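Please look over the sequence and the model shown here before reading on. The briefing is written for a student who is meeting a protein structure for the first time.

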Amino acid sequence: MTETSTQHVTLYTDGACKGNPGPGGWGVWLQSGPHSKELFGGELNTTNNRMELMAVIQGLSALKRPCHVTIYLDSQYVRQGITEWIHGWKKKGWKTAAKQPVKNAELWRALDALVHDGTHRIEWHWVKGHAGIPGNEKADELANRGVDQALASGAGSALQS
């Protein structure tokens, strides 16, 4: 796959939680050239870290062909988890350095499959949350819409695109 034939996509992702645990939501703002797409969803009983992971999983899952993906996120947990910690977790049978089970292991496995299957070339960029970065603010707005949707539906899970 040559660089000129690969579509570039930018993902801004964020998670939100009202209480931790509590009702939560995830949001993704995808941009490619002049096109953009909003994705969001939520769950009634979740954690902020789970919603941060879900945002990236849902964003990458929405891509229909191999892409050069630039991901902006305000979660060091997700960025460091997928770029650094995951290799050790896998070697240790999904245990932490303290020999405890990795929290959210099913989501980490799903993200690992999306990131390390070779389909996409991914660049990870951490940004400070709530710092006026337009894409991050948009993802935060979408994540909060996911919380509102989960609360309104009373459902265990909700997805909107």
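The points below go from the whole fold to the surface and then to a single residue. The model is a predicted one, and the protein in it has four helices and six strands.

**Fold and dimensions**
- Reading along the sequence, one meets the helices and strands in the pattern β-β-β-α-β-α-α-β-α-β.
- A compact globule with 161 residues would have a radius of gyration near 15 Å, and because the protein has 15 Å, the two values agree.
- Taken along the principal axes, the box that the C-alpha atoms of the protein fill is roughly 45 × 40 × 30 Å.
- If one takes the contacts between residues at least 6 apart in sequence, 68% of these contacts join residues that are at least 24 apart.

**Interior, surface and charge**
- Of the 161 residues in the protein, 47% are buried.
- The protein exposes about 8,000 Å², and 52% of this area is supplied by carbon and sulfur atoms.
- The protein carries 17 positive and 15 negative charges, and the mean positions of these two groups are 8 Å apart.

**A closer look at N144**
- N144 lies in helix α4, which covers residues 134-153.
- Leaving aside residues up to four places away in sequence, N144 touches A16 and K18.
- With K18 there is also a polar contact, in which the side chain of N144 meets the side chain of K18 at 2.7 Å.

Technical notes:
Residues are numbered from 1 along each chain as its sequence is written. This is a predicted model: local features need pLDDT of at least 70, side-chain atom pairs count only at pLDDT 80 or more; totals for chains, interfaces and linings use all residues. Side-chain values use heavy atoms; hydrogens and water are left out. Helices (H or I, at least four residues) and strands (E, at least two) are DSSP runs, numbered from the N terminus. The radius of gyration is taken over C-alpha atoms; the globule rule is 2.2 Å times the number of residues to the power 0.38. Buried means under 20% relative accessible area, exposed over 50%, partly exposed in between (1.4 Å probe, protein chains only). Contact means heavy atoms within 4.5 Å. Accessible areas come from the Shrake-Rupley method with a 1.4 Å probe; for residues, only the protein chains shown count as cover. Lys and Arg count as positive and Asp and Glu as negative; His and the chain ends are not counted. The place of a charge is taken as NZ of Lys, CZ of Arg, CG of Asp or CD of Glu. A polar contact is a pair of N or O atoms within 3.5 Å; within protein, one must be able to donate a hydrogen and the other to accept it, and residues adjacent in sequence count only if both atoms are side-chain atoms.
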